[in-house]
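Reader: Thanks for sitting down with me. Could you walk me through this fold, one question at a time?

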Amino acid sequence: MLLGIFKPEMVLGCSLHSIPLFFPKSTATKFTEHRRSLVQNNSIELLANHVIPNITLYPSDSPEILQLYEGFYTVSLETYFELWEAFVDIHNEIFVQLKGNTKPVVIVSGDLDPIYPTYLSGLQTSYILNWQCMTVINSSNMTFYDQPKETYKQIHHFFQNGNGSPKSEDTFLQALHSELFVMLDEQNQVISENILRVDLLNHFQVFVNGEQIVEGWNQRYAKQILIYLVMNPSVTREQLCDDLWGEVAAGKARHNLRMYLTHLRKLIKNDEYNFLRLDKENIYLSGNIKCDLTAFIKLLDEAWIEQDSIHKQQLCTQLFEQLHKNSFRTLAHDWILRERDKWEDRLFVLSQYMSEQYLESGELSKAIKYMEWAIHFQPENEEVLNRIGDLYLRYSQLVQLQ
């Protein structure tokens, strides 16, 4: 897909099968964590039992199902989740990047796919040029497995006919379609005018359209629930209850949640701005949501994978300019501690990287500053303590010479 964006002359077109192109990082992370939860005693068996019935329509005792199980058992858990982590990283910005695609692309979906239903594929392709959807009847997620001949026909038809997106020559229909898209854009703009801003990186603050909401956050778990929803904008009630109050009986937790959500909706003026949407099973935080922590994590991910030394240093400089010694201190609940540990581990590595870069260029004071950050994240690391001791000594000797 990326080759079609950056080297379009090399690509005729692309067919994708049951691909969740619009898969925000928060959603992909939840997907991964759910699959991790299915691993017990270092065995992939429960994970296979969950995945395989959802990706094909073959009977449970068929040779095709047995073949899938055999395939699962040949993959180590380490490799499996390494692939998922890569999936999470690449999908952070992929949907935005693909709007630059100019080559024909088709998404082939099974009409009975429970993982990424066809209507979601239709929604995502409506916002990208030269894209279309094709549906394989009587197929689940693995269209090429359930219906190989029909899947082949769809692909062959696509490459024989190019883009093939239905574009009417009728001027009335063109105007009608244009009007619908304008109305959709206007609807999105109305939503985006209202801004819910949540500061989490260095302290907890909430603003609705610039007005700070000061009181009420220490009542009825409002602060904890809002932090959770900012980091997980789409979640089931059951999952939220498990993560925040796992020790409380499920029925009681869900009963209490209804009262807590009523309080939260009042705080963020939800009747007026509709940031929070609820149904019987799910909770959604939507609209124009701004959060310094999510922006910081995005920047951290970019710095972590950046290969160009100069750009990596620029990104790291931006990162550490935002940090205070009390950063992440508002994030103390069990459900987010593992993520926080991962961020701090990455910052520990990046701080050493920056220290080494400044040491090579002879800027000892800056090398010391970044090594102090390394100690902040791992205060008992003897190797780092020894290294900063050497830096202090070299700096003292330099000052004496001057």
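**Contacts, strands and helices**

Author: Happy to! Let me open with contacts in the protein between residues at least 6 apart in sequence: of these, 68% join residues at least 24 apart. Please keep in mind that this is a predicted model.

Reader: Good to know. How many helices and strands are there in the protein?

Author: Both kinds of element occur here, and they are numbered separately from the N terminus. The count comes to 19 helices and 10 strands.

Reader: And what percentage of the residues is buried?

Author: The protein has 402 residues. Counting as buried those under 20% relative accessible area, the share is 39%.

Reader: What part of the accessible surface belongs to carbon and sulfur atoms?

Author: The accessible surface of the protein is about 23000 Å². Carbon and sulfur atoms hold a share of that area equal to 54%.

Reader: Let's turn to S4. Does S4 run parallel or antiparallel to S10?

Author: Strand S4 covers residues 195-199 and strand S10 covers residues 288-291. Four bridges join them, and Ile195 stands opposite Asn288 in S10. The direction of this pair is parallel.

Reader: Which residue in S5 is the bridge partner of Leu196?

Author: S4 is also joined by four bridges to strand S5, residues 205-208, and these two run antiparallel. A hairpin of five residues links S4 to S5. Within this pairing, Leu196 has as its partner Val208.

Reader: Now the open sheet: in what order do its three strands come?

Author: The pairing in this open sheet is antiparallel. Its edge strands, each pairing on one side only, are S7 (234-236) and S8 (276-278). On average, neighbouring strands are turned by 15 degrees against each other, direction ignored. The order is S7-S9-S8.

Reader: Which residue in S9 is the bridge partner of Ser234?

Author: Three bridges join S7 to strand S9, residues 282-285, and the two run antiparallel. Across from Ser234, the partner in S9 is Tyr284.

Reader: Which helix packs on the sheet, touching S7, S8 and S9?

Author: The helix in question spans residues 237-245. Its direction makes about 85 degrees with that of S7. This is helix H12.

Reader: One last thing: at what angle does H13 run to S8?

Author: Helix H13 is made up of residues 250-267 and lies across S8 and S9. Relative to S8, the helix runs at about 150 degrees.

Key. Residues are numbered from 1 along each chain as its sequence is written. This is a predicted model: local features need pLDDT of at least 70, side-chain atom pairs count only at pLDDT 80 or more; totals for chains, interfaces and linings use all residues. Side-chain values use heavy atoms; hydrogens and water are left out. Two strands pair if DSSP finds at least two bridges between them. Axes are lines fitted to C-alpha atoms, for helices over the stretch in contact, and angles run from 0 to 180 degrees between N-to-C directions. Contact means heavy atoms within 4.5 Å. Buried means under 20% relative accessible area, exposed over 50%, partly exposed in between (1.4 Å probe, protein chains only). Accessible areas come from the Shrake-Rupley method with a 1.4 Å probe; for residues, only the protein chains shown count as cover.
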